[in-house]
Amino acid sequence: MTENGITPGSYTVIDHDDESREVETYIEFMRLAIMQANLAEPSSNTFNTGVLLVNGTILIGEGHTREAHAPQQHAAECAIAKARRSKQAYLLRSATMYTTMEPCSSTRMSKVPCTTHIINAKIARVVIGVKEPESFVNCKGVETLCAAGIDVVHLKILQEECLATNIHLLT
């Protein structure tokens, strides 16, 4: 426990498929998050990100960058807002978020970072597909979430799939 009474979350990197049920579940839901990322309109200066919110096997929210109804919201913010409006809103607390990109810890505009939305929603675990490339921002999403007591899993085995929709920004 830290001095503020929060037990830090763990950070786990999964770089191979051990065929366990847990890893297979991570892969299955991350591929659905990748499908969300693929729905985002391409951009020349921001990543396409897809997010899925799940409690157990129940889907409670999903989102992607630049959604038509909320083009300025980030994917995590969209998914959390949708989950809060759903009949399963009570499942948001202790849910798992699957996100193709590490959640932002700061923003260039006067917005609330995705990490703050995640912490405020009491999400228990965040599974990321890729850490934010340093060429964009100095992101501290993993560190921020772990410091808040949230477990983070980096599903590195799907990193290439998560980056595929953004390859034009990385070359």
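Which side chains meet in a salt bridge? I started my notebook with this question, and I note at once that the model I looked at is predicted.

**Entry 1: the salt bridge**

I searched the whole structure and found one salt bridge. The side chains of R31 and E161 form it, at 2.9 Å from N to O. I then looked up where the two partners sit. R31 belongs to helix α1 and E161 to helix α5, which covers residues 159-163. They are 130 residues apart, and the pair links distant parts of the chain. I also wrote down a general point: side chains of opposite charge can pair when their charged atoms come close.

Next I checked the exposure of each partner. R31 is partly exposed, with a relative accessible area of 41%. E161 also counts as partly exposed, at 34% relative accessibility.

**Entry 2: the chain as a whole**

I stepped back to the overall layout. I listed six helices and six strands in the protein chain. Along the sequence they follow the pattern β-α-β-β-α-β-α-β-α-β-α-α.

I looked up burial for the 171 residues, and 47% of them count as buried. The chain exposes about 8900 Å². Carbon and sulfur atoms supply 52% of that area.

I also looked at contacts between residues at least 6 apart in sequence. Of these, 72% join residues at least 24 apart.

**Entry 3: C146**

I picked C146 and asked whether it is buried or exposed. C146 is buried, because its relative accessible area is 11% and the cut-off for buried is under 20%. I placed C146 in helix α4, residues 141-147.

I then listed what C146 touches, leaving aside its neighbours within four places in sequence. The contacts are P8, G9, S10, Y11 and V152. For Y11 I looked up the spacing as well: its C-alpha atom and that of C146 are separated by 7.1 Å. Along the chain, Y11 and C146 are 135 residues apart.

**Entry 4: a charged patch**

Which residues gather in a patch of negative charge on the surface? I noted D17, D18, E19 and E22.

I followed E19 a little further. E19 lies in the loop between β1, residues 11-13, and α1, residues 21-37. E19 has a relative accessible area of 67%, so I entered it as exposed, the cut-off being over 50%.

**Entry 5: back to helix α1**

I closed by reading two earlier entries together. Helix α1 holds R31 of the salt bridge, and the loop with E19 lies between β1 and this helix.

Definitions and conventions:
Residues are numbered from 1 along each chain as its sequence is written. This is a predicted model: local features need pLDDT of at least 70, side-chain atom pairs count only at pLDDT 80 or more; totals for chains, interfaces and linings use all residues. Side-chain values use heavy atoms; hydrogens and water are left out. Patches are made of residues with over 30% relative accessible area and no salt bridge: like charges are joined within 9 Å, nonpolar side chains (Val, Leu, Ile, Met, Phe, Trp, Tyr) within 5 Å. Accessible areas come from the Shrake-Rupley method with a 1.4 Å probe; for residues, only the protein chains shown count as cover. A salt bridge is a side-chain nitrogen of Lys or Arg within 4 Å of a carboxyl oxygen of Asp or Glu. Lys and Arg count as positive and Asp and Glu as negative; His and the chain ends are not counted. The place of a charge is taken as NZ of Lys, CZ of Arg, CG of Asp or CD of Glu. Helices (H or I, at least four residues) and strands (E, at least two) are DSSP runs, numbered from the N terminus. Buried means under 20% relative accessible area, exposed over 50%, partly exposed in between (1.4 Å probe, protein chains only). Contact means heavy atoms within 4.5 Å.
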